[in-house]
Amino acid sequence: AQRALEDFPKRPLTRFTPWFSNDLQNLPLKPKNHPPIISNEETRRIENYLAALEP
Amino acid sequence: MMRKGRVFAAALTCPCLRVSLSLSVCLSVSLPGTEPPPPPPTHKLLKDMATLTRQDLNFGQVVADVLCEFLEVAVHMILYVREVYPIGIFQKRKKYNVPVQMSCHPELNQYIQDTLHCIKPLIEKNEVDRVVVMILDKEHHPVERFVFEISQPPLLSVSSDSLLSHVEQLLRASILKISVCDAILESNPPGCTFTVLVHTRDAATRNMEKIQVIKDFPWIHADEQEVNMREPRLIPLKTMTSDILKMQLYVEERAQKAP
């Protein structure tokens, strides 16, 4: 237990920096289609289905 | 009745059929005999890789498989943790030996799979430097950007038996970071949606053709306002370094999220 209180060699902390910066000359690609919007009704149906699956 | 049928189909078609390396986590709701045999999970793939030589295997493909599998889980987790979709559509599964939440909505799952399926050839050729999962408010302005920075180191050797456990451990750590990031992020406004941005090493225009892998899943250039968030708060989540892949994950959060 005494050893836990002793000092130990520490590694220097590295500063977080992103590797890439945003280049507005080269805009990224994205899907043209939007992801689906899920209605409350659909959510309830999935919830009921998942509940029925549980033992 | 149609909708009910679709929900049922959601659970049955949940496995990632169009991605060559399917998620083993999705297979628990398949009926026996109705699906093709599951492809090897990550650990099997990595184990194979560890026993093969450089000449035997297309490493770009292996890295793309491992990364796309991870990104699929990560996207589901982000949508769950950041409450982009109702939590009721998610089901708990196990991946990388930790619990993850995966959507059971067929259209959403297909959208995510199609997106990653298109990105995969670019990752194989090491042409992608960032994949961004961007959460947008009702007015389609970005509120959060989950940035996955990717770097593929020159491969020297993969003979180490520890590669399997090391990569899995790193991917697991990244998933765990995502699962707890809600503690350090502000709540998002209601009615958010998402999109995925792909930053390529060369001019995106040159890769536009390569990414159009699926006929009815077209790609376009993102807007400038989607790339540049004004005075974002930067939250580092994880940096991982392995023999086959280096990845850094951070979140850019809009300072004022309220509309």
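Select A:Phe16 to start: setting aside residues up to four places away in sequence, A:Phe16 touches B:Leu234, B:Pro236, B:Thr239, B:Gln248, B:Leu249 and B:Tyr250. Here a contact means heavy atoms within 4.5 Å.

Before going on, a word on the model and its labels. This is a predicted model, in which local features need pLDDT of at least 70 and side-chain atom pairs count only at pLDDT 80 or more, while totals for chains, interfaces and linings use all residues. Residues are numbered from 1 along each chain as its sequence is written, chains are lettered from A and ligands numbered from 1 in the order in which they are written, and side-chain values use heavy atoms, with hydrogens and water left out.

**Stop 1: around A:Phe16**

Stay on A:Phe16 and look at the backbone on either side. You are in the loop between helix H1 (2-5) and strand E1 (29-31) of chain A. Helices (H or I, at least four residues) and strands (E, at least two) are DSSP runs, numbered from the N terminus. Is A:Phe16 buried or exposed? With a relative accessible area of 22%, A:Phe16 is partly exposed; buried means under 20% relative accessible area, exposed over 50%, and partly exposed in between (1.4 Å probe, protein chains only). Now add A:His34 to your selection: the two residues are 18 apart along the chain, and their C-alpha atoms are separated by 33 Å.

**Stop 2: the whole of chain A**

Select chain A and colour it by secondary structure. You should find 2 helices and 1 strand, in the order α-β-α from the N terminus on. Turn the view a little: the C-alpha atoms fill a box of roughly 60 × 50 × 15 Å along the principal axes. The radius of gyration of chain A is 26 Å, whereas a compact globule of 55 residues would have one near 10 Å. That radius is taken over C-alpha atoms, and the globule rule is 2.2 Å times the number of residues to the power 0.38. Of the 55 residues in chain A, 25% are buried.

**Stop 3: chain B and its strand E8**

Switch to chain B, which has 7 helices and 8 strands. Buried residues make up 55% of its 259 residues.

Next, highlight strand E8 (residues 246-253) of chain B. How many of the 8 residues of this strand are buried? The count is 7 of the 8, so strand E8 is largely enclosed by the rest of the structure.

Now show the strands paired with E8(B); two strands pair if DSSP finds at least two bridges between them. Strand E4 (residues 142-151) of chain B is joined to E8(B) by 8 bridges, and the two run antiparallel. To see one position in that pairing, pick B:Ile150, which stands opposite B:Met247. Strand E7 (residues 233-241) of chain B also runs antiparallel to E8(B), with 8 bridges joining them. Here, select B:Thr241 and its bridge partner B:Lys246. Follow the backbone from E7(B) to E8(B) and you will pass through a hairpin of 4 linking residues.

**Stop 4: B:Thr195**

For the last stop, select B:Thr195 in strand E5 (residues 193-200) of chain B. B:Thr195 counts as buried, at 6% relative accessibility. Which residues is B:Thr195 in contact with, leaving aside neighbours within four places in sequence? From chain A there are A:Lys30 and A:Pro31; from chain B there are B:Tyr111, B:Val132, B:Val133, B:Met134 and B:Leu136.
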